[in-house]
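This report goes through one protein structure, a part at a time. Please keep the sequence and the 3D view open while reading.

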Amino acid sequence: MFASFRSIGAYIPEDIRTNQWFCDRMDTTDDWIVKRTGINERRIATSTQATSDLGVEAAKIAIERANIDIQDIDLVLCATISPDYLCMPSTACLIADKLGIHEAMAFDISAACTGFVYALSIAKAFIESGMKKNVLIIGAEKLSSIVDYSDRTTCMLFGDGAGAAIISATENKDEAIIDVRCSADGSQKDLLLTPGVESGEKQFMQMKGNETFKVAVRTLTSDVLKILEKNNMSNDDIDLFIPHQANYRIIKAVGDALEFKDEQKVLTVNKYGNTSSASIPMAINDCYESGRLKSGDTLLLDAFGGGLTWGSALVKFSPKK
Ligand code: UT7
């Protein structure tokens, strides 16, 4: 049995927060933010929306586009670092409940910005083992709830949003997800973290931006080379290269090092900022809705985040015919 990537959906919050919002509140400029990050604006959820609400909206679209019965979903995975509740119940349980799914296995994945690629890897493994048939994977974040708006070096980077996909069993190898690689190195935990409840600190994200930047460029580049080599593939086999959207300069450095053409590279950080686990599925959805992503296309996903965690995936986009 193989796992196929059937559909994509996303929820983009309506409220647009431009760079001017930050300029009005702290010592920064639009010029600095655009030059150092490539971000012009990001989306912010309302005060009454929780991460699970964003995830549900994205999931509904993915389910509708996959054209499957909601009750046929037998696993719900939510990647998030901004869950509705601290540890329990998981955001995946809340999303499943809001969708009316009450018997499927459901759990969260804590792998920061690599969360969606981790979810993809877990979905693939469950399907290939024969344990599950239709997996709903979600990357959902209300990062505005864990951003420290007194820290000008990080707060302008992040936005809210959610993306979701349906991964289903197929016997057709041509429709299969080709490969997913996931890695972690806890020895570099201090680069990106959210303090625990006993730390005495507020539960806001902290990042050593400049150090993280350098490790991100190195890791995102080397992981792509490894997955392509392992699968005996080259840049020419890739239709869309979709890296985690953290910073335009990271994406440019990685894209240039790997020699991807402009028409292969996907960029959304300018309008959504960094949405952590939601960034890759939101970018895939953008390509789908603009007509850039077509049935049978080969996607190369490339993620990096706190933990440290990183991962890449070679995915055939295989909507059901
Ligand atoms: O999603 C997980 C992975 N995340 C990432 O990979 C993000 C990685 N990091 C980054 O994107 C970048 O490091 C930042 C955008 C966060 C920062 O850019 P940078 O080029 O690494 O800047 P820097 O931290 O080296 O700071 C350069 C200067 C400093 O001033 P001095 O010391 O040179 O006088 C900062 O104080 O820019 C100053 N600065 C600012 N100036 C205006 C820092 N933040 C701001 C600001 N506005 N908001």
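The sections below cover two sheets, one central strand, the surroundings of a ligand, and some unusual backbone positions.

## The model

The structure is a predicted model. Residue numbers start from 1 along each chain, as its sequence is written.

## The five-stranded sheet

One open sheet has five strands in the order β1-β7-β6-β4-β5, and its pairing is mixed. At its edges are β1 (2-11) and β5 (105-109), each of which pairs on one side only. From one strand to the next, the twist averages 20°.

In general, the strands of a sheet pair through backbone hydrogen bonds, either parallel or antiparallel. Both senses can be found here. Strands β1 and β7 run antiparallel and are joined by nine bridges. Within this pair, Ser 4 has Ser 168 in β7 as its bridge partner. Nine bridges also join β7 (residues 160-170) to β6, again in the antiparallel sense. On the other hand, β4 (residues 75-79) pairs with β6 in the parallel sense, over five bridges.

## Strand β6

Is strand β6 mostly covered or mostly open? Strand β6 spans residues 134-142, and nine of its nine residues are buried. Here, a residue is buried if its relative accessible area is under 20%.

In a regular strand the side chains alternate between the two faces of the sheet. The two faces of β6 can therefore be listed separately, with Asn 134, Leu 136, Ile 138, Ala 140 and Lys 142 on one side, and Val 135, Ile 137, Gly 139 and Glu 141 on the other. Both of these faces are covered. Two of the residues in β6 also serve to locate its neighbours: Val 135 is the bridge partner of Leu 75, and Ile 138 stands opposite Ala 164 in β7.

## The four-stranded sheet

A second open sheet has four strands, ordered β8-β13-β12-β11, with mixed pairing. Why do β8 and β11 each have one side without a neighbour in the sheet? Strands β8 (179-184) and β11 (240-243) stand at the edges and each has a single partner strand, so one side of each is left without a neighbour. The twist in this sheet averages 10° from one strand to the next.

Strand β11 pairs with β12 (residues 298-305) in the parallel sense, over four bridges. In that pairing, Phe 241 has Leu 300 of β12 as its bridge partner.

## Around the ligand

There are 23 residues around the ligand, and those that come nearest are Thr 28, Arg 36, Asn 210, Asn 247 and Asn 274. By class, this shell contains 10 nonpolar, nine polar and four charged residues.

Several side chains place a polar atom beside an oxygen atom of the ligand. For Asn 274, an N or O atom of the side chain is 2.7 Å from a ligand oxygen. For His 244, the distance from a polar side-chain atom to a ligand oxygen is 2.9 Å. For Arg 249, an N or O atom in the side chain lies 3.3 Å from an oxygen atom of the ligand. The ligand taken alone exposes 960 Å², of which the protein buries 74%. Helices α2 (30-37), α6 (209-230) and α7 (248-257) are the elements that give two or more residues to the shell. Of the elements, α6 gives the most, with five residues.

## Unusual backbone positions

Two peptide bonds are cis. One runs from Met 88 to Pro 89, with omega near -5°, and Pro 89 is in the loop between β4 and α4 (91-99). Another joins Gly 307 and Leu 308, with omega about -10°. Leu 308 lies in the loop between β12 and β13 (309-316).

Positive phi values occur at Asn 67 and Glu 259, as follows. Asn 67 has phi near 55°, although the residue is not a glycine. Asn 67 is placed in the loop between α3 (51-66) and β4. Because its relative accessibility is 66%, Asn 67 counts as exposed. Glu 259, also a residue other than glycine, has phi near 60° and lies in the loop between α7 and α8 (269-272). Glu 259 counts as exposed because its relative accessibility is 63%.

Note on methods. This is a predicted model: local features need pLDDT of at least 70, side-chain atom pairs count only at pLDDT 80 or more; totals for chains, interfaces and linings use all residues. Side-chain values use heavy atoms; hydrogens and water are left out. Buried means under 20% relative accessible area, exposed over 50%, partly exposed in between (1.4 Å probe, protein chains only). Two strands pair if DSSP finds at least two bridges between them. A residue is near a molecule or strand if one of its heavy atoms lies within 4 Å of it. A polar contact is a pair of N or O atoms within 3.5 Å; within protein, one must be able to donate a hydrogen and the other to accept it, and residues adjacent in sequence count only if both atoms are side-chain atoms. Accessible areas come from the Shrake-Rupley method with a 1.4 Å probe; for residues, only the protein chains shown count as cover. Ala, Val, Leu, Ile, Met, Phe, Trp, Tyr, Cys and Pro count as nonpolar, Asp, Glu, Lys and Arg as charged, and the others, Gly among them, as polar. Axes are lines fitted to C-alpha atoms, for helices over the stretch in contact, and angles run from 0 to 180 degrees between N-to-C directions.
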